Amino acid sequence: MNYTRRDFLSTLGLASAGLGMATLIPSTLQAKTTASAAPFTFEISLAEFSYASELYTNKMTNFDFPQRAVNDHGISVLEWVSGFFNNKHTDTAYMKELKSMCDDLGAKSHLIMVDGENLAAVDAAKRQHAVESHYPWVDAAKFLGCTSIRVNLGDAMSAMTGKGEEASAPDAAKAAVDGYGKLLEYAGKAGLNVIVENHFGHSSNPEWLVGIMKQLGAKNKGLLPDFGNFCMERTKAESMDFKALMATKCLKEYDKYKGVEMMMPYSKGVSAKTHKFAAGGEDPETDFHKIFGIIKASGWTGGYVGIEYEGGLLRDFGGDTSYLSNDDGIKATKVLLEKVREELK
């Protein structure tokens, strides 16, 4: 049964009543998580991509994001997306205005998700160009007070659409070590992390990502496990528009629980992706109780878990009203995260 607005409002009431869900955690995970004496906690951040449908249709702008995060959702830690800056990240006046707004709201910029050129391009000239194209984003993130930028190791759009050729896994890994390593060096001088998300193509295989991490010694390297991006093979999009992209189906998926467990030793954040909610506010695609039990058992604590709600894209571009609106989806994800955090602390 799909999660309606009435179900959502009811769940808010249940959450405020402090109902525990510990009985839903497998006993094996309970044993692992209780074995650690350190308290488990995390701070909730908000990914700007949760508003993607409104941003792509110009119903909101970059400047609306911090206000809506803080005023509508009580979330003061922000995860920006490079595409929504409209190439203004090198505009001093624009960046000063954005930072001033965040400061006035008491909002902290945590990271910028940078999409674009391929750091793992096998062509050396293209790879070097990709590395250098990320430098201004490191500078922008530093100016906003971020701790990190998030990058891709591969061409995410080509991998998602099937348009374009992807290098073999070994060749792409060799190129990634070089390109990513060079960017780590530049960002390290600025005191910033460069973290990699499992984000289509070879990067959806956590074994491939971990293999790259093991070859690099930089302290500012890291991973950003995304609950929804472990699809290793999917149907090809008929076109490049969002309706067609959202209509693609996963044909082969890496076990997300095993994948998150593998990535956590290198994690510098977590992306809690959601699309739809079942009655009672649970995510039918990801068992949040199980996956956060794994995260706790890894020893990870004190970091940021970013809400990235994508159901709004499917609702607004696909016309499927069984998905919640952007704001309601963000609220539902936040309630679920707060419930899991409370039961595992």
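Me: Angles under 35 degrees count as roughly parallel, over 145 as roughly antiparallel, 65 to 115 as roughly perpendicular and the rest as oblique. How do H9 and H11 lie relative to each other?

Reply: First, this is a predicted model: local features need pLDDT of at least 70, side-chain atom pairs count only at pLDDT 80 or more, and totals for chains, interfaces and linings use all residues. Residues are numbered from 1 along each chain as its sequence is written, and side-chain values use heavy atoms, with hydrogens and water left out. Helix H9 (residues 206–214) packs on H11 at about 5 degrees, their axes 9 Å apart (lines fitted to C-alpha atoms over the stretch in contact, angles from 0 to 180 degrees between N-to-C directions). H9 and H11 are therefore roughly parallel.

Me: How do the residues of the H9 with H11 contact divide?

Reply: H9 brings Pro206, Glu207, Leu209 and Val210, and H11 answers with Lys258, Gly259, Met262 and Met263 (contact is heavy atoms within 4.5 Å). Sorted by type, they come to 5 nonpolar, 1 polar and 2 charged.

Me: Just past H11, is serine 267 buried or exposed?

Reply: Serine 267 sits in the loop between helix H11 (256–263) and strand E9 (270–274) (DSSP runs, helices H or I of at least four residues, strands E of at least two, numbered from the N terminus). Away from its sequence neighbours up to four places off, serine 267 touches Leu223, Pro225 and Trp300. Its side chain also reaches the backbone oxygen of glycine 269 at 2.6 Å. Buried means under 20% relative accessible area, exposed over 50%, partly exposed in between (1.4 Å probe, protein chains only), and because serine 267 is at 10%, it counts as buried.

Me: What about asparagine 58, with its positive phi: buried or exposed?

Reply: Most residues other than glycine have a negative phi. Asparagine 58 has phi near 60 degrees, in the loop between helix H3 (52–56) and helix H4 (64–73). Its relative accessibility is 68%, so asparagine 58 counts as exposed.

Me: And where is asparagine 87?

Reply: Asparagine 87 also has a positive phi, near 60 degrees. At 64% relative accessibility it counts as exposed. Its place is in the loop between strand E2 (77–81) and helix H5 (92–105).

Me: Which helix gives the most to the largest nonpolar core?

Reply: That core (buried Ala, Val, Leu, Ile, Met, Phe, Trp, Tyr and Cys joined through side-chain atoms within 4.5 Å) has 93 residues, and Ile112, Tyr180 and Phe292 touch the most other members. Beyond four places in sequence, isoleucine 112 has contacts including Trp80, Phe85, Trp137 and Leu144. The top contributor, with 8 residues, is helix H8 (residues 169–189).

Methods: A polar contact is a pair of N or O atoms within 3.5 Å; within protein, one must be able to donate a hydrogen and the other to accept it, and residues adjacent in sequence count only if both atoms are side-chain atoms. Ala, Val, Leu, Ile, Met, Phe, Trp, Tyr, Cys and Pro count as nonpolar, Asp, Glu, Lys and Arg as charged, and the others, Gly among them, as polar.
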